[in-house]
Amino acid sequence: MSMWRPPERIRHDAQPGRWPSAAEAERSAVFQPIRVGAQELKERTWVPAMVPWRATEDGFVTPNVLAWYGRFARGRPGALVVEATGIRDVASGPLLRIGDARFMPGLETLVDTVRRASGGETRLYIQLIDFLSVRRRPDPQRFFARFLAITPAHRGALGMPQASEGAVRERLAGLGPAALAEVLSARELEALHLGARERITDTGYPHIAALPQTLPVLFAEAAARARQAGFDGVELHCAHAYTLSSFLSATNTRADSYGGSLANRVRLPLEVLRAVRRAVGRDYTVGARMLAEECIAGGSTVADAEFFAAELAAAGIDFISLSRGGKFDDAKQPQVGAAVYPYTGPSGYECMPSYYSDARGPYGRNLAPSARVRARVRAAGCATPIVAAGGIHNFQQAEAVLASGAGDIVGIARQALADPDWFLKVRSGRGEAVRLCKYTNYCEALDQRHREVTCELWDREALEEAGAALSADGKRRLLAPEWDPAGPAQDGPVGVE
């Protein structure tokens, strides 16, 4: 399933810009320390959470998980955020989990691995996530034979009030698209065409109605485990298509005190924050990842994000990391047997734009909204650090983020995947050795298929190298090759004025 692309299809190539000398880097804003909650970052660089699909099917840390984060840590960014980690003890595929004490030994080893690999320089946070049920798109015959609950409304629409359930199912299975649209409800059609998906507005289900009571406890317990495991802090996942973000969304029409108005929509994230704070104390870093814009019809705007960020900041959150888009609402139809993926529509493109783009291009699309959010937080009297991200790959872009007021910390995700040593190279005056991301979204396509995420710029290099970990099919290396600072510069463009 391909990602949505803007119709303009204008090619934008990443540019190295001018790389700084070591002395210039030392004086630059991006390599200055900054206080974030309970600690100081040695520099204002940040690797946001990226799911690499290296955990076990039941959520445990593996050697490949340790190697993945160790590789980023050797580049010594200011902060590194561990992938979205599930707070419930429920099956969720090869995604890390923190919903039970049995996950602790692996998470403790992960912390130790990053500490050693970064020489203690990189702060390590873990992103805590909750998500609702999303089912795979069903085979239509099985849907009508087994999954669809037959109701009086179906019988009435078909004129079959006394027919057996089997006869009703058989009749439905034989209808064409137009007739089905007359008989099935909008949610039933969605379950057929996309796969059934729970929403926070499905308050007829007791577990959905009770989310405001259950989530603060679950997040608090997970945060306490994170502190016990040795992480420097936690990041509450309030972004994209997941539960807390859905409460913030303008599409949240819950009729209780957790939907509708801006104040109601931010209520649960604030209650989660307070519960987490009670569990871990004031001397532990607690931040949030949230959207500057949802980028969907009828979705939350930058003005909404300004309000939410100011409320979170006033409530004592230690950092706010900003993203955009990535919603289920406009996602493409998956193939039968696959689950809908929230990064395939226009909002998904806004989250991860590629080098073929519109006239605005893929670099810095979220910076203007980020600047507005930061300005609102400052106007509220809060000095909460804002992490700004989105297509940042060269030193001059990073400096401009800080100089323009778009953020206090620079988030570098896909560029860090392309070259985990970006931070070391640029800081040491070796920017010409940076392997520049091309923004083809090769990595995103692997993520969409839940395959181990790698980068096309290095995953076919030195497959025979001793000790090189390979993908399940043996065709790709799982880690970027090591950089030898004493060796020759890697192939790549040299910075120009």
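**Stop 1: the second largest cavity**

Select Cys238, Ser245, Leu248, Ser249, Met290, Leu291, Glu294, Ser300 and Phe308. Together they line the second largest cavity. Bear in mind as you look that this is a predicted model. The volume of this cavity is about 70 Å³. Now colour two elements, α11 (243-248) and β8 (285-291). Each of them gives two or more residues to the lining of this second largest cavity. Colour the lining by class next. Five of its residues are nonpolar, three are polar and one is charged.

**Stop 2: the largest cavity**

How many cavities of 30 Å³ or more does the structure hold? There are four. Go to the largest, which encloses about 110 Å³ of space. Its lining has 13 residues. Select Cys437, Tyr439, Thr440, Cys443 and Cys455, the ones closest to the centre of the largest cavity.

Next, show α18 (414-418) and α20 (442-448). Each supplies at least two residues of the lining of the largest cavity. Which element gives the largest share? That is α18, with three residues. By class, the lining of the largest cavity has eight nonpolar, two polar and three charged residues.

**Stop 3: the second largest pocket**

Leave the cavities and turn to a pocket. Select Arg135, Phe143, Ala191, Ala196 and Arg197. Of the 22 residues lining the second largest pocket, these lie nearest its centre. The space in the second largest pocket is about 620 Å³.

Bring up α4 (140-147) and α8 (186-193). These are the elements that give two or more residues to the lining of the second largest pocket. The largest share, four residues, belongs to α8. Colour by class again. In the lining of the second largest pocket, eleven residues are charged, nine are nonpolar and two are polar.

**Stop 4: α2 against α3**

Now for helix pairs. Show helix α2, residues 63-74, and helix α3, residues 104-117. Their axes come within 8 Å. They cross at roughly 30°. Angles under 35 degrees count as roughly parallel, so α2 and α3 are roughly parallel to each other. Is the crossing of α2 and α3 left-handed or right-handed? It is right-handed.

Turn on the side chains. From α2, pick Leu66, Tyr69, Gly70, Ala73 and Arg74. From α3, pick Thr109, Leu110, Thr113, Val114 and Ala117. These two groups meet each other. In this contact of α2 with α3, six residues are nonpolar, three are polar and one is charged.

**Stop 5: α3 against α10**

Keep α3 on screen and add helix α10, residues 211-229. The axes of α3 and α10 come within 9 Å and cross at roughly 50°. That angle makes α3 oblique to α10. The crossing of α3 with α10 is right-handed.

Which residues make the contact? On α3, select Met104, Leu107, Glu108 and Val111. On α10, select Arg225, Gln228 and Ala229. The contact of α3 with α10 divides into four nonpolar residues, one polar and two charged.

**Stop 6: α10 against α13**

Stay with α10 and show helix α13, residues 267-280. The axes of α10 and α13 come within 8 Å. They cross at roughly 35°. Here too, α10 passes α13 in a right-handed crossing.

Select the α10 side of this contact: Leu211, Pro212, Leu215, Pro216, Phe219, Ala220, Ala223, Ala224 and Arg227. Then add the α13 side: Leu268, Glu271, Val272, Ala275, Val276, Ala279 and Val280. Finish by colouring these residues by class. In the contact of α10 with α13, 14 residues are nonpolar, two are charged and none is polar.

Definitions and conventions
Residues are numbered from 1 along each chain as its sequence is written. This is a predicted model: local features need pLDDT of at least 70, side-chain atom pairs count only at pLDDT 80 or more; totals for chains, interfaces and linings use all residues. Side-chain values use heavy atoms; hydrogens and water are left out. On a 1 Å grid over the protein atoms alone, a cavity is a set of points where a 1.4 Å probe fits but cannot get out, and a pocket is an open set with protein on both sides within 12 Å along at least five of seven lines; lining residues have an atom within 4 Å of a point. Grid points are joined across faces, edges and corners, and a volume is the space filled by probe spheres set on the points. Ala, Val, Leu, Ile, Met, Phe, Trp, Tyr, Cys and Pro count as nonpolar, Asp, Glu, Lys and Arg as charged, and the others, Gly among them, as polar. Axes are lines fitted to C-alpha atoms, for helices over the stretch in contact, and angles run from 0 to 180 degrees between N-to-C directions. Angles under 35 degrees count as roughly parallel, over 145 as roughly antiparallel, 65 to 115 as roughly perpendicular and the rest as oblique. A crossing is left-handed if the near helix is turned anticlockwise from the far one by less than a right angle, and right-handed if clockwise. Contact means heavy atoms within 4.5 Å.
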